[in-house]
Amino acid sequence: MSAEPTAVPDADEGLTVLGPGTHFEGLLTFRGRARVDGSLRGEIAGHGLLVLGPGAHAEARIEVDELVVAGEIEGDVHARRRVELLATGCIRGDVETPRLVIAEGGRLLGRCTTGSAARGSGAAAPASLPRPSRPRSS
């Protein structure tokens, strides 16, 4: 038996993992950090960082603070702070986040709202912006 103390992670820094070969269907909620390396269908709602590994596949609506994607997502994404799409990552769906980073090779197939327009639900949608007036023909 070792006399050295072992570090116990804080509850706020917990790690939720769905490993390779794992298939999950339903609602995944977490606080802290979560990593998905398997497949997931449903919804992910978390407070913290979600990482989808290179072999991960998620058919899900995702709402988290931060998201790093090396695998594939089919569904809409809302990240309260940041989305990072790595070179092997692909998102097929709409993304809403204040900050978006896409590495060379990363693929986003959908609409994206970034910056201050993505920070709050009270932001004006592009469809509600005034249209420029047209010159009248005689």
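Asp 65 sits in strand S4, which covers residues 57-69, and the structure you are looking at is a predicted model. At 10% relative accessibility, Asp 65 counts as buried, because the cut-off for that label is under 20%. Its charged partner is easy to find on screen: the side chain of Asp 65 makes a polar contact with the side chain of Arg 80, at 2.6 Å. Setting aside neighbours within four places in sequence, Asp 65 also touches Gly 46, His 47 and Gly 48, along with Ala 79, Arg 81 and Arg 82.

Now to the nonpolar side of things. The largest nonpolar core holds 23 residues, and Leu 50 and Leu 67 are the ones that touch the most other members. Strands S2, S3, S4 and S6 each supply at least two residues of this core, with S4 giving the most, six residues. What does Leu 50 touch, not counting residues up to four places away in sequence? The list is Phe 30, Ala 34, Val 36, Ile 44, Ile 62, Val 64, Glu 66, Leu 67 and Val 68. As background, nonpolar side chains tend to be buried together in soluble globular proteins.

Finally, here is how some of the strands pair up.

| Strands | Sense | Bridges |
|---|---|---|
| S1 (residues 15-18) and S2 | parallel | four bridges |
| S2 and S3 | parallel | 14 bridges |

Two residue pairs help to place these strands in the viewer: Leu 15 stands opposite Arg 33 in S2, and Glu 25 stands opposite Arg 41 in S3.

Note on methods. Residues are numbered from 1 along each chain as its sequence is written. This is a predicted model: local features need pLDDT of at least 70, side-chain atom pairs count only at pLDDT 80 or more; totals for chains, interfaces and linings use all residues. Side-chain values use heavy atoms; hydrogens and water are left out. Buried means under 20% relative accessible area, exposed over 50%, partly exposed in between (1.4 Å probe, protein chains only). A polar contact is a pair of N or O atoms within 3.5 Å; within protein, one must be able to donate a hydrogen and the other to accept it, and residues adjacent in sequence count only if both atoms are side-chain atoms. Contact means heavy atoms within 4.5 Å. A nonpolar core is a set of buried Ala, Val, Leu, Ile, Met, Phe, Trp, Tyr and Cys residues joined through side-chain atoms within 4.5 Å. Two strands pair if DSSP finds at least two bridges between them.
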